Protein chains: 2
Amino acid sequence: MKYNVIEVKERVIADNDRVAAAQRARLQEKGIYFINLMGSPGAGKTSVLIRTIEALRNRFRIAVMEADVDSAVDAETISRLGVPVIQLHTAGLCHMDADMTARGIEALMEQEQGAPFDILILENIGNLVCPAEFDVGAAKRVMILSVPEGDDKPLKYPLMFEVSDVVLVNKIDTKEIFDFDEERFRENVRMRNPQAEIFPLSARTGEGMEAWFAWLAQEAERGVRK
Amino acid sequence: MKYNVIEVKERVIADNDRVAAAQRARLQEKGIYFINLMGSPGAGKTSVLIRTIEALRNRFRIAVMEADVDSAVDAETISRLGVPVIQLHTAGLCHMDADMTARGIEALMEQEQGAPFDILILENIGNLVCPAEFDVGAAKRVMILSVPEGDDKPLKYPLMFEVSDVVLVNKIDTKEIFDFDEERFRENVRMRNPQAEIFPLSARTGEGMEAWFAWLAQEAERGVRK
């Protein structure tokens with residue numbers, strides 16, 4: 001018996017993309033540079049975020065949205081740095097979409113009573129699959145891959161590497177231990193995304209962090225000037 | 001610094017529930033009994049489905065929607081049985097929502113040129129998390145847990161067991177090997193969902209399958225008579 005194959009996610013994604021594009025335009029107008037930070041659980045998203053806030057907080061007003069399935073651990077950590085933060089619960093969902101993000105931004109602005117900020121960072125749910133599908137309206141998508149995850153990950157999660165403007169390779173100080181071939185990793189990324197900026201770094205040792213800070217500061221300044 | 005916690009998925013789920021409820025009403029009106037079949041990858045969803053079709057095809061007109069991230073393996077298998085089947089691709093998404101399901105049903109009805117059916121079964125994406133969140137408009141939700149997954153799964157995936165009307169415990173012939181405690185499993189399910197019907201069975205040996213067939217036939221007959 002013959003059967004058809006139907007691509008059922010198109011409309012869902014199309015609806016999401018519309019909401020995301022409107023969000024992106026609104027934030028650009030307000031001079032808010034919005035980053036969607038993605039990566040596996042344990043890749044070091046929060047650690048990199050903390051170092052980034054510490055390095056740039058004197059130059060930019062930074063605010064954070066922590067997305068999590070259920071806990072508030074990361075918002076608790078970030079709040080200790082004294083920057084505006086809000087915890088978003090997806091209650092079981094493995095990604096943030098544009099609509100959920102819009103609600104988060106609204107709630108954050110209300111919480112901060114309209115106090116302006118220059119850089120807004122969403123720490124997305126730890127997952128390399130679904131978050132890659134959903135544009136949340138960020139100016140740039142940044143993904144963190146940690147060395148212990150392996151240099152073959154661009155082959156296994158092609159879409160995540162395709163949609164990311166920046167790839168941070170965290171825990172680079174452990175690359176000998178984990179036999180992580182940096183050149184092979186770069187090639188694997190390039191196959192999917194020749195334009196991606198790649199920054200090998202270690203939130204723990206500080207190695208390579210300056211290059212990422214400089215990139216982000218330059219990008220955000222461009223956004224703020226607009 | 002103080003921070004708020006925001007439940008961001010509410011609106012997404014509320015929108016989905018509206019579409020699902022409308023779908024459910026439409027199918028009931030047409031006398032189509034719609035089952036949402038869920039479970040982990042490898043739990044035996046397709047095997048149970050095949051046995052069920054073989055057992056009930058002379059009494060009911062059965063149609064199947066196979067949802068998968070990317071392949072058409074399951075639709076290929078089901079199509080060999082000669083029942084109407086359609087393959088739905090979520091292209092990376094880990095669950096079906098009500099809108100995607102509605103598109104699938106529409107496409108299936110178009111493919112079959114309006115030929116009526118009594119039982120419609122959606123084989124959902126292999127995943128115990130996100131599919132539990134999304135009502136797809138089915139009359140009943142059936143989940144398959146296979147013995148090797150362990151008798152503690154209701155504790156780890158509470159929502160899936162909470163929303164399921166029926167729990168099929170597949171590969172029950174291996175329960176000695178995997179030290180699966182059926183009574184403990186029943187207790188774990190009951191804690192979350194005292195009403196759930198539990199059928200221990202084996203698609204391989206046929207053990208326990210008759211009770212499930214009888215339940216489904218009775219349910220479907222009630223739907224068809226309406």
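L37(A) touches K45(A), I121(A), L122(A), E123(A), N124(A), V142(A) and I144(A), once you set aside residues up to four places away in sequence. That's a handy way into this structure, which is a predicted model. From there, here's a quick tour of chain A as a whole, then a handful of residues in both chains.

**Starting point: L37(A)**
- L37(A) sits in strand 2 of chain A, the stretch covering residues 33-39.
- With a relative accessible area of just 4%, L37(A) is buried, because anything under 20% goes in that class.
- V167(A) is 130 residues away from L37(A) along the chain, yet the two C-alpha atoms are separated by 9.9 Å.

**Chain A in the round**
- Chain A is built from nine helices and eight strands.
- The C-alpha trace of chain A spans about 55 × 50 × 35 Å along its principal axes.
- Chain A has a radius of gyration of 18 Å, and a compact globule of 226 residues would come in near 17 Å, so the two agree.
- Of the 226 residues in chain A, 57% are buried.
- Take the contacts in chain A between residues at least 6 apart in sequence: 73% of them join residues at least 24 apart.
- About 9,700 Å² of chain A is exposed, and carbon and sulfur atoms supply 48% of that area.
- Chain A carries 28 positive and 37 negative charges, and the mean positions of the two sets are 3 Å apart.

**Two more spots in chain A**
- C130(A) belongs to helix 5 of chain A, residues 130-133.
- C130(A) counts as buried because its relative accessibility is 1%, under the 20% cut-off.
- Beyond its neighbours within four places in sequence, C130(A) is in contact with C94(A) and H95(A), and also with G92(B), L93(B) and C94(B) from chain B.
- C130(A) and I105(A) are 25 residues apart in sequence, with 21 Å between their C-alpha atoms.
- A22(A) is part of helix 1 of chain A, which runs over residues 10-29.
- A22(A) has 35% relative accessibility, so it counts as partly exposed.
- A22(A) and A102(A) are 80 residues apart along the chain, while their C-alpha atoms are separated by 9.9 Å.

**H95(B), with a partner across the chains**
- You'll find H95(B) in the loop between strand 4 (85-89) and helix 4 (98-111) of chain B.
- Despite being in a loop, H95(B) counts as buried, at 4% relative accessibility.
- Not counting residues up to four places away in sequence, H95(B) touches H95(A) from the other chain, plus T90(B), M100(B), N124(B), I125(B), C130(B), P131(B) and F134(B).

**D135(B) and its polar contacts**
- D135(B) is in the loop between helix 5 (130-133) and strand 6 (140-146) of chain B.
- At 8% relative accessibility, D135(B) counts as buried.
- The side chain of D135(B) makes a polar contact of 2.8 Å with the side chain of R24(B).
- A polar atom of the D135(B) side chain also lies 2.9 Å from the backbone nitrogen of G137(B).
- Leaving out neighbours within four places in sequence, the contacts of D135(B) are N16(B), D17(B), A20(B), R24(B), A98(B) and R141(B).

**Positive phi in chain B**
- Q113(B) isn't a glycine, but its phi is positive, at about 50°.
- Q113(B) sits in the loop between helix 4 and strand 5 (119-123) of chain B.
- With 74% relative accessibility, Q113(B) counts as exposed, because the cut-off for that class is over 50%.
- D179(B) is another residue other than glycine with a positive phi, near 55°.
- D179(B) is in the loop between strand 7 (166-170) and helix 8 (182-192) of chain B.
- D179(B) has a relative accessible area of 63%, so D179(B) is exposed.

Methods: Residues are numbered from 1 along each chain as its sequence is written. Chains are lettered from A and ligands numbered from 1 in the order in which they are written. This is a predicted model: local features need pLDDT of at least 70, side-chain atom pairs count only at pLDDT 80 or more; totals for chains, interfaces and linings use all residues. Side-chain values use heavy atoms; hydrogens and water are left out. Helices (H or I, at least four residues) and strands (E, at least two) are DSSP runs, numbered from the N terminus. The radius of gyration is taken over C-alpha atoms; the globule rule is 2.2 Å times the number of residues to the power 0.38. Buried means under 20% relative accessible area, exposed over 50%, partly exposed in between (1.4 Å probe, protein chains only). Contact means heavy atoms within 4.5 Å. Accessible areas come from the Shrake-Rupley method with a 1.4 Å probe; for residues, only the protein chains shown count as cover. Lys and Arg count as positive and Asp and Glu as negative; His and the chain ends are not counted. The place of a charge is taken as NZ of Lys, CZ of Arg, CG of Asp or CD of Glu. A polar contact is a pair of N or O atoms within 3.5 Å; within protein, one must be able to donate a hydrogen and the other to accept it, and residues adjacent in sequence count only if both atoms are side-chain atoms.
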